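Let's take a friendly walk through this protein chain. Have a look at the sequence and the fold, then read on.

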Amino acid sequence: MRSRTAIWFLCKIRYEKTMEDGLQKRVTEQYVVDALSFTEAEARIMEEMSSYISGEFEVWEIDRAVFKEIFFSDDDMADKWYKAKLKFITIDEKTEKEKKTVVYYLVQAASFEGARKNIDEVMGGTMIDYIIDTVSETPIIDVFEYVNNRRVRIREQR
């Protein structure tokens, strides 16, 4: 397991996809890119997708992701992305009351149980008290990140 903190953008791409039965269908797929701005996110997703999609496609939507950190799995079977909502538990020094701060993560795993295990693996190495509030599967197809000033497709990295 490794984690990466960055500014992440959710990008939706719309294009004509050839389905298993040979028919063409208009689909919208969601990807995540590491970028510094909306403009850079659009340029990056267009560059990445141009090598995977033959024909025309359009960037349908770009949003800043609610998560700042992604947990990447080393498991070759980890082909799904889960959004995890964690609550960090701290004690307010003035009031001495428990305070919960919500933080979102994107977690790569093969299953729901695997996502929870991966969260515990990463968070278990910290001193933070936390509660896993929710874990839900996302429609994200892939994540593209910058590593050492070069682009890397996560699945090709392994």
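The notes below go from the overall fold to the surface and then to one helix.

## Overall fold

This is a predicted model. The protein chain holds three helices and ten strands. Read from the N terminus, the elements follow the order β-β-β-α-β-β-β-β-α-β-β-β-α.

If you want a feel for the dimensions, the C-alpha atoms fill a box of roughly 60 × 30 × 30 Å along the principal axes. Among contacts in the protein chain with a separation of 6 or more, 65% are between residues 24 or more positions apart.

## Burial, surface and charge

Of the 158 residues in the protein chain, 35% are buried. The accessible surface amounts to about 9600 Å², and carbon and sulfur atoms contribute 48% of that surface.

The protein chain carries 25 positive and 31 negative charges. The mean positions of these two sets lie 3 Å apart.

## A closer look at helix H1

Helix H1 covers residues 38-50. At 1.5 Å a residue, its 13 residues should span 18 Å, and the end C-alpha atoms are indeed 18 Å apart, so expectation and model agree.

Which residues of H1 are buried? They are Ala-41, Arg-44, Ile-45, Glu-48 and Met-49. These residues sit on the same side of H1 because they cover an arc of only 120° around the axis. An α-helix has 3.6 residues a turn, so residues three or four places apart point the same way.

Conventions:
Residues are numbered from 1 along each chain as its sequence is written. This is a predicted model: local features need pLDDT of at least 70, side-chain atom pairs count only at pLDDT 80 or more; totals for chains, interfaces and linings use all residues. Side-chain values use heavy atoms; hydrogens and water are left out. Helices (H or I, at least four residues) and strands (E, at least two) are DSSP runs, numbered from the N terminus. Buried means under 20% relative accessible area, exposed over 50%, partly exposed in between (1.4 Å probe, protein chains only). Contact means heavy atoms within 4.5 Å. Accessible areas come from the Shrake-Rupley method with a 1.4 Å probe; for residues, only the protein chains shown count as cover. Lys and Arg count as positive and Asp and Glu as negative; His and the chain ends are not counted. The place of a charge is taken as NZ of Lys, CZ of Arg, CG of Asp or CD of Glu. The expected span of a helix is 1.5 Å times one less than its number of residues. The arc is that of the directions from the helix axis to the C-beta atoms.
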